[in-house]
Every structure is written in C-alpha cells, then in structure tokens.
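User: Please take a close look at one helix pair in this model and describe how the two helices pack. Add what can be said about the cysteines afterwards.

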Amino acid sequence: MENQELIKLVTAKAQEWLEPAYDAETQSEVKRMLESEDKTELIESFYKDLEFGTGGLRGIMGAGSNRMNIYTVGAATQGLANYLNKNFAGRPISVVVGHDCRNNSRKFAEISADIFSANGIKVYLFDDLRPTPEVSFAIRHLGCQSGINITASHNPREYNGYKAYWDDGAQVLAPHDTGIIEEVNKVKVSDIKFAGNKELIQIIGEDVDKVYLEKVHSISIDPEVIKRQKDLSIVYTPLHGAGRALIPASLKLWGFENVHCVEAQMVKDGNFPTVVSPNPENAEALTLAIKLAKEIDADIVMASDPDADRVGMACKDDKGEWVLINGNQTCLLFLYYIIKNRIATGKMKPTDFIVKTIVTTDLIKTVAERNNIEMLDCYTGFKWIAREIRLREGKQQYIGGGEESYGFLAEDFVRDKDAVSACSLLAEICAWAKDQGKTLYDVLMGIYVEYGFSKETTVNVVKPGKSGADEIKAMMDNFRANPLKEIGGSKVVLIKDYKTLKATDGEGKVSDLNMPETSNVLQYFTEDGTKISVRPSGTEPKIKFYIEVKGTMGCPKCYVNAMKEAEDKIKAVRESLGI
C-alpha cells in the first residue's frame with residue numbers, strides 16, 4: 001500500500017513537469033519515466049526535491065525534482081538572487097560564477113549568470129573551468145557579495161553540484177544559509193528569470209589567474225630550498241579537471257622546473273574516461289600517475305580532484321615502493337612542516353593558529369601542543385575552518401588548516417580548501433626533505449617516532465535512496481538510545497554528542513560542548529586512546545565511521561609492527577560497531 005501511495009504521489013508531481021514551463025527535452029524524459037513499467041527511476045527522480053542544503057546542491061543529473069537540471073539549478077540561483085537583493089537592498093550587488101569540467105557545468109554556470117543578471121546583479125563569469133579556491137579568491141578580490149561554483153567535487157561522473165559562497169569567500173553559514181534556503185524553497189518554475197541581461201555579465205579569466213597565482217606564491221616558507229632543489233621530479237595529474245588550468249603554472253612560478261603532467265588526464269572531460277572515479281582518495285585514480293612516476297623515477301606524485309580543491313599524493317617508501325599518503329597523513333605533514341619551518345625561519349608569531357576538523361587525526365593536536373601553537377577543532381567542512389579565520393581576522397594569523405578528506409588550506413586570502421597552494425607547498429616540503437637526503441616518507445616516519453603513531457580508517461556504509469535515508473536515521477537513533485560502553489575491548493571514557501552539544505564521561509558526568517551550532521555527529525573516546533566519530537554524510541547517501549587508533553614507534557623501522565597492531569585494533573573496533 002505504501003509503495004502504491006508513493007507511486008501515486010510521484011506520478012502527480014512528475015505530471016507537473018509536462019507543463020509548458022518545462023522544455024521539450026525535459027518533458028520527453030519525464031514521459032519516458034511515467035510510461036516505464038519499472039517505477040524505480042520515477043520514484044528516485046521525484047520522491048523529494050533536491051535539497052538546497054547549507055552548502056548548496058549536489059545530485060545526479062537528469063529530469064526531476066530530485067535531480068540536477070536547469071530547473072533545480074535555476075531555482076537555487078533565483079532564490080539566492082532574491083536573498084541577495086533583500087540582504088543588500090539599495091547597494092550594488094555582484095557575484096562570481098565559476099565551474100569545473102563536468103558535463104553540463106558550463107551550461108549551468110551560464111544559466112546561473114543569466115538569472116543573476118536578470119535580477120539586476122552584476123556577474124563576473126569565468127571564461128572556462130577554474131579551481132574552486134580561485135572562485136573563493138575572486139569573490140574577495142573583486143569585492144563581491146556572493147558567488148557560486150558549479151561542481152560535484154570528486155563525485156562520480158553522473159553527479160553535478162552547486163556551491164554557494166558569501167562575501168568573505170567562504171561557503172554560507174548562519175544566518176545566511178537558512179535565509180537562502182527559505183528563499184530557494186519559495187521559488188516556482190514560473191518565478192525563474194532565465195532571460196539574462198548581457199550588459200551585467202563580465203567575463204574574467206587570466207587577469208584573476210595572475211593575481212591569484214602571485215598570492216599563492218607569497219606563502220612559500222623557504223624559497224631558498226626550492227632554488228637548491230629546483231630539479232625535484234614531480235608527476236602531476238588533474239584527473240581531467242580544473243587543476244590543469246593553474247597547478248602546473250603555480251609549480252613553475254614557485255621555481256620547480258621538472259614537472260611531468262599525465263597527458264591523458266590533462267584533457268578536460270566530464271566523463272573521466274581514464275578513471276573509475278575521479279577521487280584522489282582512491283588508489284585507482286593515481287594509477288597512470290604512478291606508472292609515469294616509475295618510468296621517470298620521480299620524487300613525488302600529486303593529483304587534484306575535478307574542482308582542484310583537494311590533493312592526493314604518493315611517494316616512495318624505505319624500500320623504494322610507491323605508497324599512497326592518506327588524508328590524515330597529508331594534513332599532518334603540511335601542518336608539521338608549516339610549524340617547524342616557520343619556527344626555523346623566525347616567521348612564527350605567538351598569535352599564529354592552526355585549525356583541524358573534529359574527525360581529523362588528533363596527532364596534529366600533539367604536534368601543536370608540543371610546539372606551543374594554538375590549535376582549534378571545528379566541524380567537518382571548510383566553511384567551519386573559514387569561520388575560525390573570520391572570527392580572528394585582524395587579531396590572529398591563520399597559518400594552515402585541513403581535514404582528513406584530503407583538503408588543506410595554507411593561506412587566508414582563500415576561504416575554501418585549495419589544491420593549487422597545497423600542491424605547491426607539497427613540492428616545497430619534498431624539496432626540503434630532499435635537501436636533507438630524505439623523502440616525504442622519511443619525514444612522516446620521523447613524525448611518528450617523535451610524536452606517537454596513529455592509524456586512521458574511514459568506513460563508508462552506503463545506503464542509497466529513500467529506504468537508505470531511513471536506515472541511516474535508525475542507525476543514529478540506535479547509537480543514541482543504546483550508548484556503547486566498550487569498543488574493541490577498551491572501555492568508553494567519553495561520548496560527545498554534537499546534536500545535543502553534551503559530553504558524557506565514563507562516570508556519567510555531563511558537560512557542555514563549545515560549538516557554534518548542533519550537528520548530527522557522535523564521538524566515542526576509549527581508554528586506549530581510540531577515537532571513533534560517526535556522522536551521516538550531508539551530500540551523499542551514506543553514513544561515515546572515522547576510526548583512529550593510537551600506538552608507539554621506537555624507530556622508523558618499527559612502522560610495520562605498529563601498523564599490524566593498529567590493524568588488529570581497527571578490526572576489533574569494527575566488530576564492536578557491526579560494520
């Protein structure tokens with residue numbers, strides 16, 4: 001009965017998309033779904049509206065209210081335009097519009113530019129694909145009130161998305177996030193002003209690139225070490241995405257003269273033909289880059305995702321084998337280098353601070369504490385790191401921050417993660433290591449020996465569709481109703497629930513968590529130093545478990561044993577969690 005009721009509801013909703021307000025191609029696609037005997041696609045396309053969340057939109061491309069298309073993108077842009085016109089009434093308003101390499105990205109960007117301009121808003125539209133961080137930079141550089149980037153980051157090829165930014169170049173936060181959502185939810189198709197005003201659209205490109213690349217170059221900590229190691233052998237791939245536009249140029253500007261790009265992946269292509277998924281977290285995505293690195297005996301491999309805000313990397317271990325560096329290790333290496341070398345070059349100030357997200361390795365906290373550097377913990381997502389920068393602007397200096405999902409930001413003139421600066425700084429770290437006769441791997445082993453060993457694993461439990469969303473909710477409800485007392489054979493000594501903003505210790509004593517708002521995240525800390533974070537993804541149909549276990553390493557050669565012990569611990573943790 002329930003299923004029949006759902007089919008009835010989605011059929012009625014789909015029939016509205018056969019009205020003249022929708023173009024012939026959309027109507028034809030909707031008719032096909034309505035006539036199909038299998039109603040799965042119809043249900044998935046119409047059972048809900050693609051939600052404009054706090055970061056914007058993300059979904060599979062196609063016809064329907066729960067899909068990325070010109071109408072869902074159009075409604076988002078019209079709602080944002082309405083909010084901007086209310087919020088900045090009586091003032092000239094301008095926005096930046098950028099996009100990545102995905103199918104329909106240029107089309108969605110141009111349609112969005114038309115809608116903004118039709119609402120009297122000046123638009124700076126990039127002439128072609130550009131990295132997400134450059135869009136963030138351009139908003140600040142051009143003094144805009146907002147901006148959008150059409151991208152689905154590292155998602156599979158059938159996805160696209162829409163990121164909304166505020167005047168500080170960061171993704172929108174309260175109160176603007178809910179204000180924009182309210183406006184977007186009010187928009188009907190007939191309200192969308194698709195007919196643009198070309199006089200209000202200005203094409204931008206190389207002029208902004210030049211200023212942005214110069215600013216990125218200014219964050220180099222030790223230019224002298226680059227001069228000595230300018231022949232460092234670098235392999236880079238943009239995975240068909242926006243990094244191709246700027247990352248090789250940035251490496252050149254920093255002084256690196258031996259950069260080899262994976263030519264097959266320098267081709268702009270939203271189908272990502274050379275990879276299963278364009279995600280630099282996945283070993284498979286780096287296959288061609290590592291193949292080239294072996295051929296030329298490179299020092300480092302780096303890959304950026306399609307919108308060039310995240311970087312994945314690989315280097316040689318102590319046996320000369322190529323190994324991947326994960327997101328936690330990446331963040332750790334960046335912050336270790338920034339702290340150590342700012343101290344060594346006399347650049348460190350007492351007001352300097354770093355930021356990490358709550359699910360990122362706590363080993364960073366150890367490094368910061370031992371070097372007397374202030375470290376802040378924030379929610380997952382770079383908008384929260386950007387918030388910490390904004391709150392301290394003019395009083396303290398942000399020197400770096402990142403998250404376990406391969407995002408890092410080394411500068412404050414951008415307010416989103418930045419693979420352009422991260423790749424450039426990564427090359428400098430490798431040059432610094434090589435200058436001492438070391439590899440990146442040696443540096444990482446040295447950190448583990450000095451500060452302690454940790455291993456992190458993220459387990460993604462994917463639950464697609466409506467039934468999946470219900471399952472994920474039931475899992476979170478169960479964790480809250482039946483708090484775990486022991487995980488992996490170790491007693492739980494602290495539970496943090498960011499939905500209630502309460503922390504409960506092993507004795508049942510409750511204290512408040514100092515966070516800006518609530519979030520559907522649970523964290524468990526055990527007696528043996530294990531940390532488990534559980535959160536449903538805000539953009540994908542999955543629930544994530546972040547597991548971090550601790551250990552010690554007496555020497556670099558002890559890594560294998562430390563890893564084995566950690567893997568055994570993780571196995572026990574997973575059994576306790578039933579994942």
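Analyst: Angles under 35 degrees count as roughly parallel, over 145 as roughly antiparallel, 65 to 115 as roughly perpendicular, and the rest as oblique. The model is predicted. In it, helix α4 (residues 70-87) packs with helix α7 (residues 176-186) at an angle of about 125 degrees, and their axes lie 8 Å apart. That angle falls in none of the three named ranges, so α4 and α7 are oblique to each other. The crossing in which α4 passes α7 is right-handed.

The contact can be given residue by residue. From α4 come Ala75, Ala76, Gly79, Leu80, Asn82, Tyr83, Lys86 and Asn87; the residues they meet in α7 are His176, Gly179, Ile180, Glu183, Val184 and Lys186. Sorted by class, this contact of α4 with α7 holds six nonpolar, five polar and three charged residues.

On the cysteines, a search of the whole structure turns up zero disulfides. A disulfide needs two cysteine sulfur atoms within 2.5 Å. For Cys101, the closest cysteine sulfur is that of Cys423, 15 Å away, which is too far for a bond. Cys101 has a relative accessible area of 6% and is therefore buried, while Cys555, at 29% relative accessibility, counts as partly exposed.

Definitions and conventions. Residues are numbered from 1 along each chain as its sequence is written. This is a predicted model: local features need pLDDT of at least 70, side-chain atom pairs count only at pLDDT 80 or more; totals for chains, interfaces and linings use all residues. Side-chain values use heavy atoms; hydrogens and water are left out. Axes are lines fitted to C-alpha atoms, for helices over the stretch in contact, and angles run from 0 to 180 degrees between N-to-C directions. Helices (H or I, at least four residues) and strands (E, at least two) are DSSP runs, numbered from the N terminus. A crossing is left-handed if the near helix is turned anticlockwise from the far one by less than a right angle, and right-handed if clockwise. Contact means heavy atoms within 4.5 Å. Ala, Val, Leu, Ile, Met, Phe, Trp, Tyr, Cys and Pro count as nonpolar, Asp, Glu, Lys and Arg as charged, and the others, Gly among them, as polar. Buried means under 20% relative accessible area, exposed over 50%, partly exposed in between (1.4 Å probe, protein chains only).
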